[in-house]
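Hi everyone, thanks for coming. Please have a look at the chain on the screen, and then I'll walk you through a few parts of it.

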Amino acid sequence: MAGTLDFSPDDRYNAFITTCSTAPFSGGALAGIAVAVKDNISTAGIETTCGSRILEGYIPPYDAYVVELLRREGAAIVGKTNMDEFGMGSTTETSAFGPTKNPIDTTRVPGGSSGGSAAAVAAGLVPMALGSDTGGSIRCPAAFCGVVGLKPTYGRVSRYGLIAYASSLEQVGPIARTVEDVSRLMSVIARYDPRDATMFDRPYDHRPSADIGGLRVGIPGEYFGEGVDPRVAKKVRDAIGVIEDLGASTVPVSIPGMRYALAAYYVICTAEASSNIARFDGVRYGPAVDTRKSWHEAYQDIRQEKLGPEVRRRVMLGTFALSAGYAGRYYAKALGARQKIRQDFERAFRDVDVIAGPTMPTVAFPLGERTDPVSMYLSDILTAPANLAGIPAISVPCGRVDGLPVGLQLMGRQFEEERIIDAAYAYEQGVKA
């Protein structure tokens, strides 16, 4: 039965690249719910650009599986959200269609790369959105915009139809205003898809519970160390105190491999990007090449013209890391560091049920402040480890510093989204009480 669509087209924040009218909806778990979809997730008949000029005008002939599931449950796909080009960035400033503004303070970044999705939810344009998370791209904007974002376990949500950046790291996940709505959206998209060879048949069907008596929460010192704003750290420690008051206990843990995490992450993700972005060449995808030129010249020209500087930078870094004589020195060592981080988390989870810390080391910073790559890459220091380990992680708002939101990050064992969602829900309800 048809309902009233909860969608505002007032996009003063540049949260959307494309908006679209939708047919009347009926039935299903999301009937009457407007959902925004990040612009790197394929939508049949709706332009999908990945925030890049090289895909401007591209209309996918098929839906990603997560979009199929949304439509099946009656959701209305109302638009495609702005993002860092091909997901490469932490601020949504590398989008070819201009930066998204943070609805909390329009002079600040919304985070990235799913900044458009988080901003659309934070601004009240939609109640729910899909993002994708390669090294924090859901949790970072969720923290900066004061909403809830979940990165699922690698392999729990289908990546079929997600335009790849770094295939071994990225996952589609939900963003919403509340933990309950994130859980609701997760229950729709976490369904087995045989077309994704990395998937496990582990459907999610869970209603959040605030009963966390006996929960053991690990506190890693590495998440509160150098580079983390002390005011952010205090807000997060206060939030952990609320969880303790609700019946949980805290245990110190250590993730010593954290010191390798950022370097390993950027070697692996750029190496995979160099392969995945190769298809955008004006032959398979992108504007047609000038056939009067040699293939090499035409390929070079179109990528120089249509790909932004951050994408070109990461492709070059990844190609170098995989080149003869250097693959063993960089890529193989990065894979070894990744295994070390995974083992560190496994060891910690022998003693605790969830691990808690800040989502981001700072609050949202001004637009244009971090234009050099290194300072932007450092933003991922607290989120990338969960991607390297393939574990689920959620960011939930836990207060403000200078009027800007702070995110509490909760991480769990593989396929234990239910546990971290319960912990986040308990905190959320405890603060409201």
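I'll start with the sheet, go on to two helix pairs, and finish with a single residue.

One thing before we begin: what you see is a predicted model.

So, the sheet. It is open and built from 11 strands, and their order is S1-S3-S2-S4-S6-S5-S10-S11-S9-S7-S8, with mixed pairing. If you're new to sheets, strands pair through backbone hydrogen bonds, either parallel or antiparallel. Which strands sit at the edges here? They are S1, residues 16-19, and S8, residues 249-253, and each of them pairs on one side only. On average, neighbouring strands in this sheet are turned by 30 degrees against each other, if we ignore direction.

Let's zoom in on one pair. Strand S4, residues 128-133, runs antiparallel to strand S6, residues 171-176, and the two are joined over 6 bridges. One partnership to find on your screen is Gly131 with Gly173 of S6.

Now for a helix that packs on this sheet. H4 touches S4, S5, S6 and S10, and its direction makes about 145 degrees with that of S6. H4, residues 179-189, also packs with helix H1, residues 65-72, at an angle of about 110 degrees, and their axes are 8 Å apart. Angles from 65 to 115 degrees count as roughly perpendicular, so that is the word for H1 and H4. On the H1 side, the contact is made by Val66, Leu69 and Leu70, and on the H4 side by Leu185, Val188 and Ile189. What classes of residue are these? The contact has 6 nonpolar residues, no polar and no charged ones.

Our second helix pair is H6, residues 258-276, with H9, residues 331-348. Their angle is about 125 degrees, with the axes 9 Å apart, which makes H6 oblique to H9. Their crossing is left-handed. Among the residues that meet are Val267 and Ala271 in H6, and Tyr331 and Arg338 in H9. By class, this contact counts 11 nonpolar residues, no polar and 1 charged.

Last, please find Leu322, which belongs to helix H8, residues 309-322. Is Leu322 buried, partly exposed or exposed? Its relative accessibility is 38%, so Leu322 counts as partly exposed. Leaving out residues up to four places away in sequence, Leu322 touches Ala271, Ser274, Ala327 and Tyr331. You have just met Ala271 and Tyr331 in the contact of H6 with H9. Finally, Leu322 and Val267 are 55 residues apart along the chain, and their C-alpha atoms are separated by 9.2 Å.

Conventions
Residues are numbered from 1 along each chain as its sequence is written. This is a predicted model: local features need pLDDT of at least 70, side-chain atom pairs count only at pLDDT 80 or more; totals for chains, interfaces and linings use all residues. Side-chain values use heavy atoms; hydrogens and water are left out. Axes are lines fitted to C-alpha atoms, for helices over the stretch in contact, and angles run from 0 to 180 degrees between N-to-C directions. Helices (H or I, at least four residues) and strands (E, at least two) are DSSP runs, numbered from the N terminus. Angles under 35 degrees count as roughly parallel, over 145 as roughly antiparallel, 65 to 115 as roughly perpendicular and the rest as oblique. Contact means heavy atoms within 4.5 Å. Ala, Val, Leu, Ile, Met, Phe, Trp, Tyr, Cys and Pro count as nonpolar, Asp, Glu, Lys and Arg as charged, and the others, Gly among them, as polar. Two strands pair if DSSP finds at least two bridges between them. Buried means under 20% relative accessible area, exposed over 50%, partly exposed in between (1.4 Å probe, protein chains only). A crossing is left-handed if the near helix is turned anticlockwise from the far one by less than a right angle, and right-handed if clockwise.
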